[in-house]
Amino acid sequence: MSSLQLLLLGATLGLFGLIVSTEGMSNGRDDMKIEEVRKFTTVINPGCQVRFGVNCSALTNMTLLHIKSEGKTDCYHFLWSFIGAPTLLMARTSLNSTLNVNWDEMLEENVPTPSITFNPPALYSFGWSLVKIWIADDINDVVQLNQINQSMITGYQTKNFIWERFDNISYQNSTHLSYTLTAKKYIHYFNESKQVFDLGPDGYFKFTIRMKSSNGYSDVLPYMLYSENSTQVDIAFNDVQLNLTETDYPGHPRIGFKYLVVQGAHLKDLKNERMRLERTKTLDDEHTPGVFETLSVRTPILNKTDQSFIQWKPICYTGEVRDVIDSVDVWSYPLQNASSVNGDDNVQDSILYSYYGADVDSMLLEAVNISFGTQQDGFYNKTKHISWTYSTGFGEPPQDFVSTLVFIIIGIGLGIPALIIILSITYVLVKRLKQPRDDLLLGR
Amino acid sequence: MARILDDGGDTDVLTGGGSTDTRDYGESSVETRSGGQGGCWFSCCDPRSSLHRFIVLLFMCFLGFGSYFCYDNPGALQDNFMKDMDITTAQFTYLYSFYSWPNVVLCFVGGFLLDSVFGIRLGTVIFCIFLVIGQIVFALGGIFDMFWLMLLGRFIFGIGGESLAVAQNAYAVSWFKGKELNMVFGLQLSFARVGSTVNFNLMEPLYKWMNTSYKGHTCTGIVLMIAGATCILSLFCAAALAIFDFRAEKILKKQTLGSGEKIRLSDVRYFPVSFWLMCGSCVAYYVAIFPFIGLGKVFFIRKFDFTPEGANAVNSILYIVSAVASPLFGLLVDRTGRNVFYVFISILVTIGAHGILAFTFLNPYVGMCIMGLSYSMLASALWPMVALVIPEHQLGTAYGIMQAVQNFGLAVITSVAGEIVDTGGYLLLEVFFIAWLCLSLACTVLLWLHDSSHSAGLLNMSIDDRDRWEHDKIYLPLTTLPSDDYFTDL
């Protein structure tokens, strides 16, 4: 082996070393740093005894779920409401703050003063509410709702669903909780009267709320990251028929959701900052094979550190059992302004209005639309099922990180030839060192 | 492509078998035209004239077109396949696996069948018939929505495809033995690449066009049936070549057989370690290329936001680059030798290309072009190396083994790759391929080392050094004079 070739091998070795070391450095994430571990405490229907009696917390047809996540210096509150539109109100308060719910006022419609308060008031708040279901007739299979003729899209208010809480499949402890709420009936209003309809023969609309105080990946597709500041929401939309008559049901249905998102900050304090819909590209699709994108709704940062997010992967599943081959796309549309004055925005449907009151119009209030489907997927009718997961919480959305498996494989993969190269160079050098002496001895 | 002995360079040794009894219609002209048989006297009909042989060459090149065109049909339509047939990525990769399985065995048997059982003419036609039947069954599987039928079709197609490559090489040797053979092999290879490229760029628009009238699995089936037309073209070429060959044999009165390959499995125990290291290097390399192309379309669509047509175009870049670069690199290796060095460099560069595709969002054209160049370089340098360590009469067996191992590797690893995509995503798939390339690199370094210590670095010598070494090996022992011994005693 000539010196040049040895040099080449040495250079290759150096290159491998460089790659492995940069990989090692980038792998130094701070997951070893243990942050304050928060404890969860849950109260169902807080303060309802005044109006509904002693056992009102066990009532499964009424759910106001208060999850407190206590840390060392502050307390996170996650207030889930399935009274009216499904809503999550998140607030950060001091440790001694208590939640007061005025049930009488809250259950009455259009009360402009806040009926849900924290005492002392919250340092930061954020909330979202699923206010409307869109059902569109996608005759031309264009998939995206903003390309379908508006006359073919009908919106159904989510406050008209009747939600049941299933306590037997829910659980909670200080580090881990899961609640399931299912709606099987919908109330239709005709002028003055109302009538309760079933959602199709197998129909249900299910919300599963999951929280974990440790970091790690969920074991449900699309394997989103847990953190103690966030909660994951699974939505299952199965055989939901909201039409009044058979003929009303569209032949090519596409499903969409409308969310209201509000941050407890007055517009005049925010200057020109608004919420933004962010699309982040990731290299790593280990946890969601084939999906290299994450979308999130991000809020402006208040008080230097307070911000919130709603994050999802643009993928949903058309089977009860989630599988990659059953997946279709999730489409997100630009954020729009919303206000309680606009009846279509349905702000009063949710407890966001109960918390912020009429003042909500001076806050950062926006609407996000999501829809589901891929071209030529057979529309919602093919399986009559959509499963979708998103996560929401305080602070920055969790970042996916490349798993150790990848690093191990690359380390070993580059390591083996590197080792062989080292051995080869050593072997050749040793041979060279020995040779001249032998030559001298033999007179060559 | 796995099956062609990819090199545009020194292929004299590829005539293999060293058999002097192959027909050579090019150079010998023992019989004059006074024989008076067989048709017209114009030069285009004279089997010895260049014009006639050029026409025959054209048929020879198109002989393999159908096979290469249809081989990558699944890859070009991956997203449509998966939607229409409702299959996972792992199931999709079976379409490639089932093509490779019969060829683990056929690489040995094919040459034998051509030599002793069917003869080249009939054998080629038979293999083409397998090709056509295979593609038709494959298409019917789509029309009737039976995935197992598709797999059966690919299996039958595989039986025909790989053996056809052997036949193509045999015809080439028979008609163009001598200086032209290199060029002919190179041309056949380039044609094969062009066939693959056309497949990638044609199938998606064809599918879209058919999709206006047919939907779902029926559309897929019909598109595959249309692709089968290229196989019928191959069959037509096989028939034409049989006629030309038969005629030439009668006119020139040559009575020989010979695919140029003699397979003797008992030779295997004499194969040197260098050969097995080459084998390892070869398999580990190719399993990081072809399964990647098979799964590349959806990867480019999802990660880089390409349209299906755009993704297919990126996939085909590797083949286009190879069509041009293979002959050039072949020339380079012919002139400079140093095969192991080139193999080492090309594997390294391929690792870099996969790294770019996996860990950056750089335009995938960059990664794929680099991969195409390094792939061509490896092919030009690796296959001729076999001839440097294996004696001529065993070359047939050696290449047969290498092809068989390669097909085995492809059959297994392609399915594994599909599973990886379903469970671990594309990043993990790329890392998997990089790991195999590292293994290939390890084999190459070991080969380099072994060769340095045992055969004075023959595999890495320049052409001049190599010639001198060969010369010395034969003549040096004869020139040692007995008187020299007296001097060393003193």
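In the predicted model, Asp305(B) and Lys281(A) form a salt bridge, with nitrogen and oxygen 3.1 Å apart. Across the interface of chain B and chain A, 1 salt bridge is found by the rule applied. Polar contacts between chain B and chain A amount to 5 residue pairs, both residues of each pair having pLDDT 80 or more. On the side of chain B that touches chain A, two or more residues are given by each of H11, helix H13 (339-359) and helix H15 (395-454) of chain B. H15(B) provides the largest share of this side, 19 residues. By residue class, the side of chain B that touches chain A comprises 22 nonpolar, 9 polar and 6 charged residues.

The contact involves 35 residues from chain A and 37 residues from chain B. About 3,100 Å² is buried between chain B and chain A, and carbon and sulfur atoms account for 73% of this area. Of the area that chain B buries against chain A, 17% comes from Arg302(B), Leu427(B) and Leu449(B), more than from any other three residues.

Over all chains, the structure contains 19 salt bridges. Side chains of opposite charge can pair when their charged atoms come close. Within chain B, Asp79(B) and Lys297(B) are paired in a salt bridge with an N to O distance of 2.6 Å. Asp79(B) belongs to helix H4 (residues 78-84) of chain B and Lys297(B) to helix H11 (residues 290-304) of chain B, so this salt bridge ties together parts that lie 218 residues apart in sequence. Through shared partners, salt bridges join Asp79(B) and Lys297(B) with Glu204(B), Lys208(B) and Glu309(B) in one network. Lys297(B) has a relative accessible area of 0% and is therefore buried.

Two salt bridges of chain A also link distant parts of the chain. In one of them, Arg51(A) pairs with Asp104(A), and the closest N and O atoms are 2.9 Å apart. Arg51(A) is in helix H2 (residues 49-52) of chain A and Asp104(A) in helix H3 (residues 103-107) of chain A, with 53 residues separating the pair. Arg51(A) counts as partly exposed because its relative accessibility is 44%. Asp104(A), at 41% relative accessibility, is likewise partly exposed.

In the other, the side chains of Arg254(A) and Asp377(A) form a salt bridge with an N to O distance of 3.0 Å. Here Arg254(A) is part of strand S17 (residues 253-266) of chain A, while Asp377(A) is in the loop between strand S24 (363-372) and strand S25 (385-394) of chain A; the two are 123 residues apart. Arg254(A) and Asp377(A) are both buried.

Ser178(A) is located in strand S11 (residues 176-190) of chain A. Its relative accessibility is 7%, so Ser178(A) counts as buried. When residues up to four places away in sequence are not counted, Ser178(A) touches Ser170(A), Tyr171(A), Thr208(A), Ile209(A) and Arg210(A).

Confidence in chain A is given by a mean pLDDT of 83, with 93% of its residues at 70 or more. Residues 28-34 of chain A have pLDDT under 50 throughout, and the model has 3 contacts beyond four places in sequence for this segment.

Note on methods
Residues are numbered from 1 along each chain as its sequence is written. Chains are lettered from A and ligands numbered from 1 in the order in which they are written. Side-chain values use heavy atoms; hydrogens and water are left out. pLDDT is the predictor's confidence in each residue, from 0 to 100. Contact means heavy atoms within 4.5 Å. A salt bridge is a side-chain nitrogen of Lys or Arg within 4 Å of a carboxyl oxygen of Asp or Glu. Helices (H or I, at least four residues) and strands (E, at least two) are DSSP runs, numbered from the N terminus. Buried means under 20% relative accessible area, exposed over 50%, partly exposed in between (1.4 Å probe, protein chains only). Buried area is the accessible area (1.4 Å probe) that two parts lose on being put together, summed over both. A polar contact is a pair of N or O atoms within 3.5 Å; within protein, one must be able to donate a hydrogen and the other to accept it, and residues adjacent in sequence count only if both atoms are side-chain atoms. Ala, Val, Leu, Ile, Met, Phe, Trp, Tyr, Cys and Pro count as nonpolar, Asp, Glu, Lys and Arg as charged, and the others, Gly among them, as polar.
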